[in-house]
Amino acid sequence: MLAWTIYLSFAGALLETLLPKGKPGLARALALLVAVAGLVVAVAGYAAGFSQGRITVTDVPWIPSMGIRYILAADGISRVLVLLTGLASVAGVLFSWNIDKRTNQFFAFYLALIGGVFGVFLSYDLFLLFVFYEIAIVPKYFIIAIWGSTRREYGAMKLALYSFVGSAMVLIGLLASYATAGAHSTGLVDLAHAGLSTSFQMWCFPLVFIGFGILAGLWPFHTWAPTGHVAAPTAASMLLAGVVMKLGAYGCLRVAMGLYPHGLDPWGFSLLGLGSWRDVFAVLAIIGIIYGALVALAQTDFKFVIGYSSVSHMGFVLLGLMTLNQIGMTGAVLQMFSHGVIAGLLFAIVGRIVYERTHTRQFADLEKMHLSRRLPFAAWAFVIAGVASMGLPGFSGFVAELQVLVGSWRAAPGWTVAAGIGIVIGVAYTWRALQKAFFNDKLPTAEDHPKTGWHDMAAITWPEATGVTLLVAATLAVGVYPRLLLDQIEPAVKTFLAGGVQ
Amino acid sequence: MIQETALIFTPQTAASAITGNLWLIPALPIVASGIIALLKQKRRVPAAALAIGSLGISLLIAIAAFAHVLAGWMANHAVRETFNFSWIQVGTSSVDLGWVLDPLSAVMLVMVCFVGLLIFIYSVGYMAHDENFTRFFCFLSLFAGGMLGVVIANSILLLFMSWEIVGLTSYLLIGFWYHKPSAAAAAKKAFVTTRVGDIFFLLGIVWLFSSTGTLLFYSHGAGSLESLALSNLLTQHAGLGLSAATAIGLLIFAGAAGKSGQVPLHVWLPDAMEGPTPVSALIHAATMVAAGVYLIARVYPLMSAGSLAGGTTVALTVVTWVGAATAVFAALIAVAQNDIKRILAYSTVSQLGYMMAGLGLGGVAVGFFHLITHAFFKALLFMGAGSVIHGVHEEQDIRHMGGLNAKMKTTFVTYGIGMLALCGFPLVFSGFWSKDGILEAAHNGAIKGPFYMLAFGALLTAFYMTRQVSYVFFGNKRAHHEAHESPKVMTMPLAILAFFAIALSAIGTPAWPWFKSFLNNEAAPFEFAGFAEPGLASLMLLSSCIVLVGIGLGWMIYGNKQQDAHAKDALEKALGPIWTLLANRFYVDELYGVTVIALYKGLAILTDFFDRCVWGGIVALVAWVFGLCAKINRFLDETFINGGFDKGCEQLSTGGGILSNVESGRAQTYLRYLAVGMIVLVAILLWSARP
């Protein structure tokens, strides 16, 4: 059933290209319909997956001469991420409602991107996964280059180049593994059981991990993220931060850690206190957490703050993966979901609700606009999103970060302490942005009375209100009742850990 | 000390019906707040009714719970009923939540509900003219829910979650008048500062969870505060010669210090006075700031783990010294402030120091009794100050008041009672007995340092409160407007609180230390012999003298003087630079500004530069190198290869014109063709892969 998420999205993309030009309303309605249908399938597939392990959806030969098969399957981790993709795609369509330049093309690219992402999360064949991964990169480039803003061509090209470098590294790993394993198969399960030698895994693991990690915002390969996020139109920033960065993290987990578990073994010597690739990547993740938060603190552009905050939050995902224990990795997967929803919400508020009305994202300009009074909806939505982002209890981020912290404490208490510093800075930059953008107004004088002195800003539209409600509801639901997702993530992580990663 | 009776209290841990339903106490205000959030701005009456009604019902349940504990205590049961459940299950570790009903939580529940309810009622009058009246009650209700959650929590995680709700609503309420930039800044400062403490707290939780495998305080022997887990923690080493129990205790104390405004994390509390006055009374006097003290009282078994009989532990010693230092430090600053609310704010910081020191020196009952009495008289003082501010038309500078005793009789009398209770005026005021308990514990301590500090603090307290009252209520009238008394809805709560500021004396005297016995699960005999304790009478005499000297000095310098609002303060002339130092609050804010905040700003700018120039530079360099290669190639192509070729191909160039559209040199066009090609390729592959 879950395979329909892919087919629906691609069919939707195709239909969009066939739509007559100059009918933006039709294009929007179609996109929303397809996205909602995708979400419904994702939810149904998710609901059907409770108390089940991996479900194989399709398994047919594709390129028999090379032993490549078309395998779609989903375990708890995949199902959670498919659910996230469904949510993000609906929200993204809602926040793209105002796009009237080449609307049908926009949504065609948009749905193709979504289809690719669904495909990555469901592929159980390495080659197939790679193909979907590449499919997801291309539309991203066009969406940014055509519909983007600030230095869009630069941002788009930077993103595309980074992505292709990452892909190239993954491809080398893929081909090397295929050749070395000699199992005449690129199926993930076959490769994992191929008994790749430890020395091979030792060099292949970092190659593939960094290859995917680039897209997950792994420091110091993160610089595509802020510029890309800022250049992208709102829906694309939402998808970039919301699901595309998760593609990278998912690749790190499923491919790099799943196929080359011995790559995480100790080297047998230690360099600067680092004794294995695990230590290296954990330290990079922690640097990413603190570094991203610090850079966010110095930004003058509202969207850059959110862009760098994504780097910081994704650091928690990578740190959680490197704990190699049940609770930390469960937290990492939950953080993927949580960050996907929360980052989407933040980008929606900054890029769509605020920017489309103020036409600036500079704090220096926003400070003078009395936005808390003129756009109270945006202000309060940002308060909620900011609170969720800094990991306050009741929101999904808290449960996720708590689990990552507990997991990393068990691995090495020092990691937890360092990550804790990142959380404090996270509070500082969120409140700084909030105050500068919304609450920095001076006392209005009699002449300059707020209610008469300002031209009216466009009222909040229904797609905006619906989108915000959807995302807030998602993060709250998971925050209050995390078992909603944990019941599926937890057994999947357990199986994953039992499968060799230790 | 009194001879303890040999009565043994039997544990009572089975959850009764009242414990099972204890969650209703925080849930009701939270639900009310949710409903109020959905109300329109104009629906003032339903909003206030919902908030007050829900908290009123919570109070009734709290009283029922208290009665239940009391009944158990009278039957010689040590009541500690818990109700636990699993929130999430990850692998073998279960993250549990739950609540507990014991004397500590029962007393605190009744106090928070009762004081909260009075403040809610008072707010109806105080906020009557505010356009965001509805939102105010929404936040207030949410705050009350969070605070009550902290009180009932039996799981350190549930406590932390409620703790964060409290922090968030405190942020929202301090910044309630966010159109004042100072209010918005104060709100941010409060949140960030307390959050610094919270991170230590969170680390403590993670450590505790990792070491004991449970987040519950009490769970029939398996909780983290029960002897099995504690003895386990004592044997683990955390480096620097500390046991894990001590290290965790200190981390938790850092969280408590942030919330309770202990030095060096006290800076946010005085600024928080930018919020509406009922908020100051509710959050920054009676409840939230007391949450830190409550937390230490709750984890007291952990803090005191490993102490031999009558001895102390590293964790408790730290608590004591930080508390004593805070008490003196804040009292000194309070002497030189001129804002009526800021004086009270520093006095709150100072009194919280007393509570912490009391916990560190004398155990739960000593510190906690001061918490309860302080909640009543400090809420009274803040609400009295609100009434004064209201009466003199939003003036907060005490130099611009004066002579209000005639205009605002009820406020004056009740404020006077609150002031005397805070000073610890002998015998009839509750503050005397609770502060005396702390002084007595300090006097019995092995090291006398804290005792002298606390005694000096008591002198200062009496002095600065007399100064404030003299400025506000006595002397000549210096206000710009005609003062008026506040409405009944505001003065009635004052009268009720004033009653309790006196009446609470009855349960904490050495003759009948009911409060202490109740918390410690001991019998409470009534015997006048309690006063005959060796040294006690002289100590009481000493502390009475200290208070009288403080009040006397204050009255001598400030009492009933005719003066100009712009004249220099009498002490300012005498003290000179010391006064400037105090008036500027020891420059702690400035110190943080040039150290911690500057460091973070510098780091932020540095990393930003690093990101733009170094990483961005590397990317640009790579792009440039490739561009250079491309240009060299083009040059080679055009000059050498094409040079000869072109001549012969001129005719072909017409046809080439069509192709040049394709070779537009725009990367996006290239990529588009690439994509189309790829899609076609994939389509072919898919087609060929049909089963």
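**Exercise 1. Count the helices and strands of chain B, then describe how the chain is laid out.**

Step 1. Chain B holds 27 helices and four strands, where helices (H or I, at least four residues) and strands (E, at least two) are DSSP runs numbered from the N terminus. This is a predicted model, in which local features need pLDDT of at least 70 and side-chain atom pairs count only at pLDDT 80 or more, while totals for chains, interfaces and linings use all residues. Residues are numbered from 1 along each chain as its sequence is written, and chains are lettered from A and ligands numbered from 1 in the order in which they are written.

Step 2. Taken along the principal axes, the box filled by the C-alpha atoms of chain B is roughly 120 × 65 × 55 Å.

Step 3. Now look at burial: 52% of the 691 residues of chain B count as buried. A residue is buried if 20 or more other C-beta atoms lie within 10 Å of its own, exposed if 12 or fewer, and partly exposed in between, with C-beta atoms placed from the backbone.

Step 4. Finish with contacts, which are pairs of residues whose C-beta atoms, placed from the backbone, lie within 7 Å. Among those in chain B between residues at least 6 apart in sequence, 78% join residues at least 24 apart.

**Exercise 2. Work out how far the model's confidence goes in each chain.**

Step 1. Start with pLDDT, the predictor's confidence in each residue, from 0 to 100. Chain A has a mean of 85, with 96% of its residues at 70 or more; chain B has a mean of 82, with 91% at 70 or more.

Step 2. Go down to the elements. In chain A, helix α19 (residues 450-453) has the lowest mean, 52, and helix α3 (residues 76-94) the highest, 91. In chain B, the lowest mean, 53, belongs to helix α26 (residues 652-662), and the highest, 91, to helix α3 (residues 44-74).

Step 3. Check the start of chain B: over residues 1-6 pLDDT stays under 50, and the model has six contacts for them beyond four places in sequence.

Step 4. For the whole model, note an ipTM of 0.78 and a pTM of 0.81.

**Exercise 3. Take helices α15 and α22 of chain B and compare each span with its expected value.**

Step 1. The expected span is 1.5 Å times one less than the number of residues. Helix α15 (residues 340-362) of chain B has 23 residues and reaches 32 Å from its first C-alpha to its last, close to the expected 33 Å. The end C-alpha atoms of helix α22 (residues 536-558) of chain B are 33 Å apart, which agrees with the 33 Å its 23 residues should span.

Step 2. Ask what surrounds them. In α15(B), 23 of its 23 residues are buried. The buried residues of α22(B) include B:Met540, B:Ile546, B:Gly550 and B:Tyr558, and their cover includes α17 (409-423), α18 (430-444), α19 (449-473) and α23 (570-575) of chain B.

Step 3. See what follows each helix. B:Gly363 comes after α15(B) with a positive phi near 95°, and just after α22(B), B:Asn560 has a positive phi of about 50°.

**Exercise 4. Place A:Leu113 in its surroundings.**

Step 1. A:Leu113 belongs to helix α4 (residues 103-122) of chain A.

Step 2. Is A:Leu113 buried or exposed? It counts as buried because it has 28 C-beta neighbours inside 10 Å.

Step 3. Leaving out residues up to four places away in sequence, A:Leu113 touches A:Ala136, A:Pro139, A:Lys140 and A:Leu239.

Step 4. A:Glu134 is 21 residues from A:Leu113 along the chain, and their C-alpha atoms are separated by 9.8 Å.

**Exercise 5. Describe the contact between the two chains from the side of chain A.**

Step 1. Count the residues: 52 come from chain A and 47 from chain B.

Step 2. Find the main supplier. On the side of chain A that touches chain B, the largest share, nine residues, comes from α18(A).

Step 3. Sort that side by type: 35 residues are nonpolar, ten polar and seven charged. Here Ala, Val, Leu, Ile, Met, Phe, Trp, Tyr, Cys and Pro count as nonpolar, Asp, Glu, Lys and Arg as charged, and the others, Gly among them, as polar.
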